[in-house]
Amino acid sequence: MFLTRKVHDLLNDFRCGHQAKLTRIEGARKLKYRGNFRDCQEDREDRDQTVAGNRLTSAKVDRGMESASLVPVQQVESLKEFLSFRMPEALEMLRQMVGINSYTGNREGVNRLGHFTAECFAPLGFSAEFVASANPEYPEHLALTRRGRSGKSIAMVSHLDTVFPPEEEARNNFHWQAEGDRLYGPGTQDIKGGTVMMWLVLSALRAQAQEVFDAITWKLFWNSSEERFSPDFGELCRSRFDRDTLAALVFEAEGRLGEEHLMVVARKGRGTWRVKVAGRGSHAGGKHNHGANAIVQLAHTLKRIAALTYYSQDLTVNVGSVAGGTVSNRVPHEAVAEGEFRAFTPEVYARGKAGLLALAGRGEVRSLADGYACEVTVEILDETPAWPRNRGTERLYEYWEQAGVELGISVSSQERGGLSDGNLIWDAVPTLDGLGPWGDNDHCSERSADGLKVPEFVEVSSFVPKAALNTVAILRLCREVS
Ligand SMILES: [Zn+2]
């Protein structure tokens, strides 16, 4: 099996397997490829030079990654051509996925998308398992497995659900719409485009590096309810990860900074909170001084909560909603606010949490009649742990950086404020995120005539380069452990 074999065997398999596949495709579909494919004997001569080059460039990689090259330019070109050739099929797959409403609250829709997704990957040799969510109101998670011949595993992670209820899609006429290089529609970027990216990468590996594809055990996971609090999905992944899992690759959308393609290496953790104030009601006309105004107390407490935000430490505390009182002629006896806080490191997160919890207790708003004081309670509703920068992720990221050098794509890393399933698994398996295509305006469905409001979209032209990057990076990762 390839994992115990030398790099030049891998390269030879890579090239010959690719040639065989192309011959098959050309025969079946009468395709024309620009690449000039020689027989394997000729390959063998080139191969030896490549291996020598690889050893050299490996040393360069360590010193600063100048021109590391896993495969000859010719192979890179044919990889891109292969991916371009599969794009119509990939986009049709995406169109059908976007056509299935998969709002988290739409159990039937998400489950239907899960089954459709399993069908899409079945021709690649994956078998499906549908796993009930811990929350009975949520749809089923999806796990696909393809067993490999070696003991090594790679996991890929995406999700099925979106944030758009069917009524909102209808109200905003938000559906699949191709416009220039953009594909608008619910989930095009978050995250159905990422799912299609997984399919492209696995298709390319099977066609162009079959030995690698067959050696690895591939485990693919889709969260049915990523847009809600769903820690059971993390437990599902962790229970299914093999002991020798090389990586967990998360296909949330890519970040961009100018020409830089940003992979995600850390994410903030998040806690949500609820603060309740119990005051004492009274008649606002006849007995105003008997009351302890819960809303006034909450206003004091919320100012303290807002002051917990500490930008220089990347700690944000957000007041999200507030409610209290009933009618104007009553001193309100209760008020409540909810919000969240986020931080990149467990230490800063703990500081934010402690700051919130310290606000509980007797308030300063009291009845002037007898000193009755408002009572403040603080609850932490749910918590998603931070995914801090760590060595496992950094090492994994380096393969993408090196693949970027090889492909002429400018790759950089990003710490992202939003959550993903990466938060739930990074400490079990080295995890990298942001491997999906590029798009923008995720979670937005509105479009205004003046063009100032534009809904979620993905860019078609971002698929092939990113799929090539992911494919070459995975080959590098597999080669490294061989
Ligand atoms: Zn989302």
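Contact here means heavy atoms within 4.5 Å. The structure is a predicted model.

In that sense, and leaving aside neighbours within four places in sequence, tryptophan 400 is in contact with Leu249, Met263, Val411, Leu432, Leu435, Leu469, Asn470, Ala473 and Ile474. Trp400 also belongs to the largest nonpolar core, a set of 71 residues. Those with the most contacts inside this core are Phe121, Met156, Trp218, Leu220, Leu249, Trp400 and Ile474. A second core, separate from that one, has 22 residues, including Val275, Tyr349, Leu359 and Val376. In soluble globular proteins, nonpolar side chains tend to be buried together.

Two of the partners of Trp400, Leu249 and Leu432, lead to a sheet. Leucine 249 stands opposite leucine 432, which is in strand S18. Strand S7, residues 245-250, pairs with S18 in the parallel sense, over 2 bridges. The sheet is open and has 6 strands in the order S1-S2-S6-S3-S7-S18, and its pairing is mixed. Strand S1 (127-131) and strand S18 (431-432) form its edges, each pairing on one side only.

Helices pack on this sheet as well. Helix H4, residues 107-121, touches S1, strand S2 (141-146) and S6, and its direction makes about 10 degrees with that of S2. Helix H13, residues 463-480, touches strand S3 (153-159), S6 and S7, with a direction at about 150 degrees to that of S3.

Just before S18 comes a loop, which starts from helix H12 (422-425) and holds proline 430. Is this proline buried, exposed or partly exposed? Proline 430 has a relative accessibility of 27%, so it counts as partly exposed. Beyond its neighbours within four places in sequence, proline 430 is in contact with Thr245, Leu246, Ala247, Ala248, Gly392 and Leu396. The C-alpha atoms of proline 430 and leucine 246 are separated by 7.0 Å, although the two residues are 184 residues apart along the chain.

A further sheet, also open, consists of 5 strands in the order S12-S14-S10-S16-S15, with antiparallel pairing. Its edge strands are strand S12 (316-324) and strand S15 (361-366), each of which pairs on one side only. On average, and with direction ignored, neighbouring strands of this sheet are turned by 25 degrees against each other. At one end of the order, S15 and strand S16 (residues 373-384) run antiparallel and are joined by 3 bridges. Arginine 366 stands opposite alanine 373 in S16. Helix H9, residues 294-306, lies across strand S10 (269-278), S12, strand S14 (334-343), S15 and S16, and runs at about 155 degrees to S10.

The remaining topic is the metal site. Which protein atoms are the donors of the zinc ion? They are Asp190 (OD), Glu227 (OE), Glu227 (OE) and His443 (NE2), at 1.8 to 2.8 Å from the ion. The angles among these 4 donor atoms span 52 to 149 degrees, and the site is irregular. Four donors count as tetrahedral if all angles lie between 85 and 135 degrees. In sequence, the donor residues follow the spacing D-x36-E-x215-H. Glutamate 227 is in the loop between strand S6 (217-223) and helix H8 (231-240), while histidine 443 is in the loop between strand S19 (439-440) and strand S20 (457-459), so the pair ties together parts that are 216 residues apart in sequence. Histidine 443 counts as partly exposed because its relative accessibility is 40%.

Note on methods. Residues numbered from 1 in each chain as written. Predicted model: local features only at pLDDT ≥ 70, side-chain atom pairs only at ≥ 80, totals over all residues. Heavy atoms only, no water. Donors = N, O, S within 2.8 Å, 3.2 Å for Na, K, Ca; no water. Tetrahedral: all angles 85-135°; square planar, octahedral: opposite > 155°, others 65-115°. Helix = DSSP H or I, 4+ residues; strand = E, 2+ residues; numbered from the N terminus. Buried < 20%, exposed > 50% of the residue type's maximum accessible area, 1.4 Å probe, protein only. Pairing = 2+ DSSP bridges. Axes fitted to C-alpha atoms, helices over the stretch in contact; angles between N-to-C directions. Core = buried A, V, L, I, M, F, W, Y, C linked by side-chain atoms within 4.5 Å.
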